[in-house]
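Here are some notes to read alongside the model, written for someone meeting it for the first time. Please keep the 3D view open as you go through the points.

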Amino acid sequence: MMTDILPANDPAALDEAARVLARGGLVAVPTETVYGLAADATQGEAVARIYEAKSRPRFNPLIVHVDSLERAGRLIELSGTGQALARAFWPGPLTLVAPMRADAGIASLVTAGLDTLAVRWPDAPALTGLVSRLGRPLAAPSANLSGTVSPTEAAHVLESLGGRIELILDGGPCRIGVESTIICLESGAPALLRPGGIPREALEAICGPLATPAGDPGRPTAPGQLSSHYAPKAPVRLNAIRPRGSEGYLAFGKPPEGVGYDVINLSERSDLAEAASKLFAALRSLDSRCPAIAVAPIPDEGLGEAINDRLRRAAADRSTTR
Ligand code: TXA
Ligand code: MG
């Protein structure tokens, strides 16, 4: 299959992408977090093709994307807390997991058989434009092979999914660079299933303390949240004050003294938003040229929680998942 690349800000390209989606095809679309691999969430066969293209385990459910609060409300039952979070952060990098409505019309492969659904209204005109054109919600996981680093540029998508999907819409680098924060509203207090683009502190200002779902620390709680994920090929060593031997170094803030090592600085001014936006491209780049990667300590506050979550997964023991 030939993979076309078209500009994401061109209305004619969006019309073409909507036609591809309507006939059950796959389109990679830029969002403010990472590139998503979109399919019509109401067509079971189209959704099946997402799992196939990504080589994704069947049990991992997908996020459905909408273009309004109204369309979200037709898919899930949002509690008062859910409404408040949606009003505060949508459109934006927040995904809400809530009980799915009986008449939602979502293909069962999207939820992998769960009776809850993950919904997000992204701050991403290309993706919301496609939902509006199609008149249906779009299922979209990150547009990469399962278990690899998420794509934040069109070239990353082409590298891993070229020849497997019909079309890539190129919107340049993603503004935020880590995936959405996932909050589960299924029962009682809202729970943080995945740290992401909206920091915990901002969410807690709206909904009070977030519960951490029960389970082994570091073990998957959301279905399919494998602990080794976002994994480069090179081994990754965390909290490294300086690189050793032939390690490439992912720095944050002032890099350590010394020369002769390969370094990418996530943010010289120690800005966590800048670091998040560069994280995945930097991991890919070091992975392509270094036998091992050492990563500087990164503060665990604000967007640092999401960055450290992705880094721990990148560094996790892969023997259990590969
Ligand atoms: O920023 C993002 O969220 C990106 C862009 C494309 O929107 N999407 C993304 O999707 O990261 P994906 O498929 O890579 O991650 C979806 C996560 C998975 O960890 C999955 O287990 C969880 O959402 N999830 C989906 N439905 C769920 C549900 N009903 N209950 C619990 N977790 C769910
Ligand atoms: Mg992913």
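**Notes on strands and domains**

1. In this predicted model, strand β14 (residues 293–295) pairs with β11 through two bridges in the parallel sense. A good place to look is Arg-237, which has Ala-294 of β14 opposite it.

2. That pair belongs to an open sheet of four strands with parallel pairing, ordered β11-β14-β12-β13. The edges are held by β11 (236–237) and β13 (263–265); each has a single partner strand, so one side of each lacks a neighbour in the sheet. Helix α9 (residues 272–289) packs on this sheet and touches β12 (248–251), β13 and β14, with its direction at about 170° to that of β12.

3. Elsewhere, strand β8 (residues 167–170) pairs in parallel with strand β1 (residues 4–7) over four bridges, and Asp-4 has Leu-167 as its bridge partner there. Strand β2 (residues 27–29) also runs parallel to β8, joined by two bridges; Ala-28 is partnered with Ile-168.

4. The domain assignment splits the chain into domain 1 (4–207) and domain 2 (236–314). Their C-alpha centres are 27 Å apart, and 23 residues of domain 1 contact 14 residues of domain 2.

5. How much area is buried between domain 1 and domain 2? The value is about 1400 Å², with 56% from carbon and sulfur atoms. On the domain 1 side, Val-149, Val-178 and Pro-195 lose the most area, together 36% of what that side buries.

6. Three salt bridges are counted between domain 1 and domain 2. Do also look at Glu-179 and Arg-310, whose side chains form a salt bridge at 2.9 Å, N to O.

Notes
Residues numbered from 1 in each chain as written. Chains lettered and ligands numbered in written order. Predicted model: local features only at pLDDT ≥ 70, side-chain atom pairs only at ≥ 80, totals over all residues. Heavy atoms only, no water. Pairing = 2+ DSSP bridges. Contact = heavy atoms within 4.5 Å. Axes fitted to C-alpha atoms, helices over the stretch in contact; angles between N-to-C directions. Domains from an automatic or database assignment. Buried area = accessible area lost by both parts, 1.4 Å probe. Salt bridge = Lys/Arg side-chain N within 4 Å of Asp/Glu carboxyl O.
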